[in-house]
Amino acid sequence: MSQIKLLNIVGARPQIIKASAISRAIRTSYPDGFTEIIVHTGQHYDKELSDVFFDELEIHKPHYNLSVGSAGHGRQTSMMIIGIEEVLLKEKPDCVILYGDTNSTLAGAVAAAKLHFPVIHIEAGLRSFNKTMPEELNRIMSDHASTLLFAPTNAAFKNLINEGFRPENSPPYTIDNPKIYLTGDIMLDNSLFFASLAEKKKAEFMGSLSLIRDKFILVTIHRDTNTDDIQRLLDILQTLKTLAAEKDIMMVMPFHPRTILSLKSKLEAFYDELFECNNIKIIPPVSYLEMILLEKNCRMIITDSGGVQKESHFFRKPCLVLRKETEWIELVSNGTAKLVDADPERIRDEFLDFLDSHPKLEYPGFYGNGKTAEFILNEILLMFEKE
Ligand code: UD1
Ligand code: UDP
């Protein structure tokens, strides 16, 4: 068969990062196997949530940018579906690759499946079992519109089986006869690849923030449940502010614009107070290489992000998860991540436990061998060879 035409759909920050693993694996291992078209829905559009990753991670600039921007779920997703459908009809790819669980993922799944383009879902099978999360609905619907599903963990693979997917299906694979795989996580591919590059390319970064290895905590918050519920946001940040002062430890907070917007519009006085604190540094979102340096050098990570939870594991840091549940349950069973919700007491207790009692933590290889992108591409090639 001639080259396989892949249409990659990205939109939010972590999807651009994930797509870079596939792009890199095509360049290095399958340069003659695939042609890649990148469609950016425009869900994220600020330079530091989008362009910075294309520049830094050497991904081809989007062939199409739908410039959908921010809006309510219905409007945002429907505008994406309309735009993606037009691109699909023009490009007629062999298949469509979707990443994760955002509105861009769902829009891609709906548009592609209805036009009968095979959907390949990377990060399939993850479940929080909390359907009030927009991401949970996006995941379930995208998985059930897919032809090849790559589950990054045992738990995700089992979730797919529990929903009726059959590991024994044989080719030809279709939306009605999908194939599920247990792979690793392409985010590990990226962390391994970029970790030493980050040290070289961003040698000045830690110094520019006056940060010393092991002497600071990294905090990210962006989930709607935390940013839009002002009491939760206040509970989390009040608790962290108190702990930072009490333990005299720096907390670095590269915040998503959504979090800054809530702080500025609904907690203005408290936001000003945070800026007065010597132990709190609220900074704009950082680039991926900068983020890696923060993760590698910090003492502990506190986050509600899916990607950052896993990166805490890749860089062997204890992690407090500011959620009631997580899709990455192996981290919690392993004891290196603790679910603390937005509960001041739990945040405090688990923070002090990790900081003061130096528990012995192990970081087993839950997420593959760093070659997951190659595995995925190879399976895509096989699918088309068998046709
Ligand atoms: C989205 C995903 C979430 C993912 C996150 C990664 C959905 C439903 N949510 O959440 O799963 O974890 O991306 O970061 O798809 N905004 C800006 N500049 C931008 C983009 C957004 O200021 O470039 C602000 C706007 O006020 C916007 C808000 O952030 O309304 C939320 O953006 P949106 O893309 O809807 O969701 P995220 O919270 O980014
Ligand atoms: N990230 C980044 N800069 C930041 C915050 C996060 O590069 O300021 C990276 C992070 O290292 C991870 C990904 O973005 O690879 C996670 O994205 P996010 O937290 O926005 O979303 P989620 O993973 O929860 O969907």
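Me: How far is a backbone N or O atom of Y45 from an oxygen atom of ligand 1?

Reply: The two are 2.8 Å apart, which falls under polar contacts (pairs of N or O atoms within 3.5 Å). This is a predicted model, in which local features need pLDDT of at least 70 and side-chain atom pairs count only at pLDDT 80 or more, while totals for chains, interfaces and linings use all residues. Residues are numbered from 1 along each chain as its sequence is written, chains are lettered from A and ligands numbered from 1 in the order in which they are written, and side-chain values use heavy atoms, without hydrogens and water.

Me: What do N103 and E135 do with ligand 1?

Reply: N103 has a polar backbone atom 2.8 Å from an oxygen atom of ligand 1, whereas E135 places a polar side-chain atom 2.6 Å from an oxygen atom of ligand 1.

Me: And how much of ligand 1 does the protein bury?

Reply: Ligand 1 exposes 740 Å² when taken alone, and the protein buries 86% of that (Shrake-Rupley areas with a 1.4 Å probe).

Me: Which residues are closest to ligand 1, and which helix gives the largest share of its shell?

Reply: There are 20 residues around ligand 1, of which the closest are H44, N103, E135, H256 and R258 (a residue counts if one of its heavy atoms lies within 4 Å). Helix 11 contributes the largest share of this shell, with three residues (helices are DSSP runs of H or I with at least four residues, strands runs of E with at least two, numbered from the N terminus). By type, the shell around ligand 1 holds six nonpolar, nine polar and five charged residues (Ala, Val, Leu, Ile, Met, Phe, Trp, Tyr, Cys and Pro are nonpolar, Asp, Glu, Lys and Arg charged, and the others, Gly among them, polar).

Me: OK, on to ligand 2: which polar side-chain atoms lie by its oxygen atoms?

Reply: Among them is one from R13, at 2.9 Å from an oxygen atom of ligand 2, and another from R223, at 2.8 Å, while a side-chain N or O atom of H222 is 3.4 Å from an oxygen atom of this ligand. The protein covers 95% of the 530 Å² of accessible area that ligand 2 has on its own.

Me: Which helix gives the most to its shell?

Reply: Helix 14 gives the most to the shell around ligand 2, four residues, out of 19 residues that surround this ligand.

Me: Different topic: how many aromatic pairs are there?

Reply: The count is 10 aromatic pairs (Phe, Tyr or Trp rings, using the six-membered ring of Trp, with centres within 6.5 Å; stacked under 30 degrees between planes, edge-to-face over 60, tilted for the rest). One of them is the edge-to-face pair of Y181 and F375, with 5.9 Å between centres and 85 degrees between planes. Y181 belongs to strand 7 (residues 179–182) and F375 to helix 17 (residues 372–385), so this pair ties together parts that are 194 residues apart in sequence.

Me: Is Y181 buried or exposed?

Reply: Y181 is buried, at 8% relative accessible area, whereas F375 is partly exposed at 34% (buried is under 20%, exposed over 50%, partly exposed in between, with a 1.4 Å probe and protein chains only).

Me: What sits over the ring of Y181?

Reply: The charged end of K179 does, 5.5 Å from the ring centre (NZ of Lys or CZ of Arg within 6 Å of the centre and within 35 degrees of the ring normal). Elsewhere, R24 lies over the face of F193, 4.2 Å from the ring centre.

Notes:
A polar contact is a pair of N or O atoms within 3.5 Å; within protein, one must be able to donate a hydrogen and the other to accept it, and residues adjacent in sequence count only if both atoms are side-chain atoms.
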